[in-house]
Amino acid sequence: MMVEGFKMNLIYYDLYQSTRLEKFVTAYGQFLKANGEQPVTWKRASSMEEVLREADVISLHPILDKTTYHLVNKERLALMKKEAILVNCSRGPVIDEVALVEHLRENPMFRVGLDVFEDEPYMKPGLADMKNAVVVPHIASASKWTREGMATLAALNVLGKIKGYPIWSNPNSVEPFLNENAAPPAACPSIVNSKALGLPVSKL
């Protein structure tokens, strides 16, 4: 969104190469160039530290596990530009919130956007008072389309279980259930603990 909306260059770090993202940025850069504008570029960094040092806006998207707990700590905050913007799109404990409050105090031009917190629903002392922090109560998904989709999937799970339907084979592809112009597949779309429950999986 930042690449297309603000024509930002992209630098990213991931354990796995994001070829789809790279192709999108390349194609968008070619589109801009064809229309006489400065093309955007992408770069896959060799380390997270490289991203932290170079990026103006840093968006976090890792899973939360023992390797990502306090991934952004005092030392990594110190690597970032003094006027950088940090956005956590992941889980609260990925950022050391105590270190973040201290960093915000010491660097008034550094800004952060948080939708999640280390000890939800609580925040570490001082965070709510920071003028350079934008905090919202875990409502990033609160769009009309998303909430309607969530309600639809939940209702179709109930219906599917009542009718004895199997579990949808690909939990990451629920679009067929949200298509208003076609009947939903004869399956339960998103029972996340289906494997633990021993429920059959659809071959559809």
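**Exercise 1. Find which residues touch the most other members of the largest nonpolar core, and which elements supply that core.**

Step 1: This is a predicted model, and its largest nonpolar core has 27 residues. Look for Met-80, Leu-86 and Leu-100: these touch the most other members.

Step 2: Now bring in the elements. At least two core residues each come from α3 (48–54), β3, α5 (97–106) and β5. The top contributor is α5, with four residues.

Step 3: Zoom in on Met-80. Leaving out residues up to four places away in sequence, Met-80 touches Leu-52, Ile-58, Val-72, Leu-86 and Phe-110.

Step 4: Don't mix this up with another core, which lies apart and has seven residues, including Leu-10, Tyr-28, Leu-32 and Val-40.

**Exercise 2. Work out the strand order of the open four-stranded sheet and pick out its edges.**

Step 1: Read across the sheet and you get β3-β4-β5-β6, paired in parallel.

Step 2: An edge strand pairs on one side only, and that fits β3 (57–60) and β6 (133–135).

Step 3: How much are neighbouring strands turned against each other? On average it's 10°, ignoring direction.

Step 4: Check one pair. Strand β5 (residues 111–114) runs parallel to β6, and three bridges join the two. Gly-113 is the residue opposite Val-134 in β6.

**Exercise 3. Describe the stretch 25–140.**

Step 1: Start with the record. An unreviewed UniProt entry annotates residues 25–140 as "domain: D-isomer specific 2-hydroxyacid dehydrogenase NAD-binding".

Step 2: Then turn to the model. Over residues 25–140, helix makes up 28% of the chain and strand 16%, while the end C-alpha atoms sit 24 Å apart.

Notes:
Residues numbered from 1 in each chain as written. Predicted model: local features only at pLDDT ≥ 70, side-chain atom pairs only at ≥ 80, totals over all residues. Heavy atoms only, no water. Pairing = 2+ DSSP bridges. Axes fitted to C-alpha atoms, helices over the stretch in contact; angles between N-to-C directions. UniProt positions renumbered as here; feature names shortened; annotations may be inferred. Core = buried A, V, L, I, M, F, W, Y, C linked by side-chain atoms within 4.5 Å. Buried < 20%, exposed > 50% of the residue type's maximum accessible area, 1.4 Å probe, protein only. Contact = heavy atoms within 4.5 Å.
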